[in-house]
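Open the model in your viewer and keep the sequence panel beside it. The stops below are given as selections, each followed by what is found there.

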Amino acid sequence: MFVVSKLIIEGGHPLEGELPIHGAKNSALPVLAATLLCQGQSVIHNCPGLSDVDASIQILRHLGCQIYREGSTLTVDSQHVSTCDIPDDLMREMRSSIVFLGAIVSRMGCAKLSFPGGCELGPRPIDLHLKALRQMGLHIDEHYGYLDCKVDGKLKGTDIALSFPSVGATENILLAATVADGTTVLTNAAREPEIVDLACYLNACGARIEGAGEGTITIEGVECLHGAEHTVIPDRIAAISFMAAAAVTGSKLTIKEIEKDHLGQVIPMFEEAGCRVRCNGSQLELQAPERLRPIKMVRTMPYPGFPTDAQALVMAMVTLAKGTSVFVENIFESRYKHVGELLRMGANIKVEGKVAVVEGVRKLYGAQVEAPDLRGGAALAVAGLAAEGITQLGGLHHIDRGYESLEKSLSSIGAKVKRI
């Protein structure tokens with residue numbers, strides 16, 4: 001039975017204390033897909049308890065893997081992978097399910113799956129994935145929303161140039177090329193930390209990948225991979241979420257288990273808003289001012305630019321700033337769905353195409369709002385923390401895809417939040 005849950009957020013309470021950051025969703029999912037390539041057992045530490053991770057586990061089990069969880073550690077035995085199909089209901093659980101394509105084809109020589117689900121953020125075509133895999137020798141028959149894929153023998157290494165540095169396409173190419181015949185040279189590759197983390201895991205399993213984190217990646221195909229032990233990097237977007245929560249409530253907060261380098265384009269934005277940010281090893285301390293200053297311009301760009309996943313969070317934060325902030329969304333067409341819900345809470349935001357202009361207001365007010373997607377939902381929770389009165393936030397199935405018990409994390413640092 002489907003149960004509808006809501007977060008009840010009582011605004012106006014300052015946050016304080018320390019909060020550790022869980023493992024990165026966008027790293028754990030491709031790493032779990034990569035375990036399919038291994039002949040043997042892999043141990044993945046810092047794997048967060050998210051609904052998207054649960055969906056990946058279901059897919060792996062359907063394909064024939066044995067999986068055991070102990071706390072945040074997953075043990076995956078992929079010795080007996082036995083099928084190459086993913087049922088439609090599992091594919092629809094998350095957008096990232098398409099990353100299994102490269103791994104399944106490499107392991108089984110075939111794949112049968114439907115188009116993926118996930119947040120509706122406008123067109124996110126998988127044509128870059130399919131074009132690259134076709135260049136490597138994969139035969140793909142597309143019909144009625146399904147992909148029927150086969151390869152004669154093994155995939156072949158080749159030169160691939162992406163027209164856009166797509167994270168998902170880069171991951172699929174890495175997975176496909178790792179055990180292909182010959183060498184693959186990928187140019188205009190995505191440079192996100194999650195790409196580097198995937199390459200680190202694959203190299204620990206015996207792959208030969210050079211250049212991850214740069215624009216050109218070279219993958220020398222190997223005969224097979226073995227299992228390995230790996231620790232998933234901390235979730236930089238979760239860290240930004242709690243930074244925004246502290247900033248909007250005028251709080252002082254220490255965030256633990258972070259990678260400072262992964263936040264390089266975000267920290268200056270918080271400093272521009274008047275926050276004092278100090279990093280010491282894997283800890284970040286943020287002290288917010290009594291009232292935030294506006295941020296002149298936020299442009300979302302591929303890494304190392306400002307991440308599109310942080311746009312809604314920072315927008316929620318500056319709804320209360322003293323002045324005007326401007327946002328330009330350059331990645332996804334429909335990434336302003338949270339704006340309508342922020343307007344319900346008293347925000348002053350105008351959207352024209354890719355541009356959103358935020359005029360800061362003195363107060364936000366609690367309201368009944370609905371999470372339109374993962375990051376938009378987290379942004380509404382951030383706004384609710386600073387709003388006057390009670391905010392009822394629905395659509396938690398979106399938030400649960402990327403945050404491990406968000407209400408527990410917020411409650412642990414002084415917020416008045418409960419799930420009903």
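A nonpolar core here is a set of buried Ala, Val, Leu, Ile, Met, Phe, Trp, Tyr and Cys residues joined through side-chain atoms within 4.5 Å; buried means under 20% relative accessible area, exposed over 50% and partly exposed in between, with a 1.4 Å probe and protein chains only. The model is predicted, so local features need pLDDT of at least 70 and side-chain atom pairs count only at pLDDT 80 or more, while totals for chains, interfaces and linings use all residues. Residues are numbered from 1 along each chain as its sequence is written, and side-chain values use heavy atoms, with hydrogens and water left out.

**Cores.** Select F100 and L202: in the largest nonpolar core, of 78 residues, these two touch the most other members. Around L202, leaving aside neighbours within four places in sequence, the contacts (heavy atoms within 4.5 Å) are A34, L37, L174, L175, T178, A207, I209 and L225. Then select M315, L342, V361 and Y403, which are among the 76 residues of a second, separate core.

**Helix 8.** Select 236-248. Helices (H or I, at least four residues) and strands (E, at least two) are DSSP runs, numbered from the N terminus. All of helix 8 is covered, with 13 of its 13 residues buried. At its start, a side-chain oxygen of D235 comes to within 3.0 Å of the backbone nitrogen of I237. After the helix comes G250, with a positive phi near 65 degrees.

**Strands 18, 19 and 20.** Select 355-359, strand 20. A356 and V358 point to one face and are buried, while V355, V357 and E359 point to the other and are not. Strands pair if DSSP finds at least two bridges between them. Strand 18 (324-328) runs antiparallel to strand 20, joined by 5 bridges, and V328 stands opposite V355. Strand 19 (348-352) is also antiparallel to strand 20, with 5 bridges; V351 has A356 as its bridge partner. Strands 19 and 20 form a hairpin with 2 residues between them, and G353 in the turn has a positive phi of about 65 degrees.

**The four-stranded sheet.** Select strands 21, 22, 1 and 23, which lie in that order in an open sheet with mixed pairing. Strand 21 (368-370) and strand 23 (416-419) are at the edges with a single partner strand each, so one side of each lacks a neighbour in the sheet. Strand 21 pairs with strand 22 (390-394) in the parallel sense over 3 bridges, and Q368 has Q392 as its bridge partner. Finally, add helix 12 (374-386), which packs on the sheet and touches strand 1 (7-10), strand 21, strand 22 and strand 23.

Definitions and conventions
Axes are lines fitted to C-alpha atoms, for helices over the stretch in contact, and angles run from 0 to 180 degrees between N-to-C directions. A polar contact is a pair of N or O atoms within 3.5 Å; within protein, one must be able to donate a hydrogen and the other to accept it, and residues adjacent in sequence count only if both atoms are side-chain atoms.
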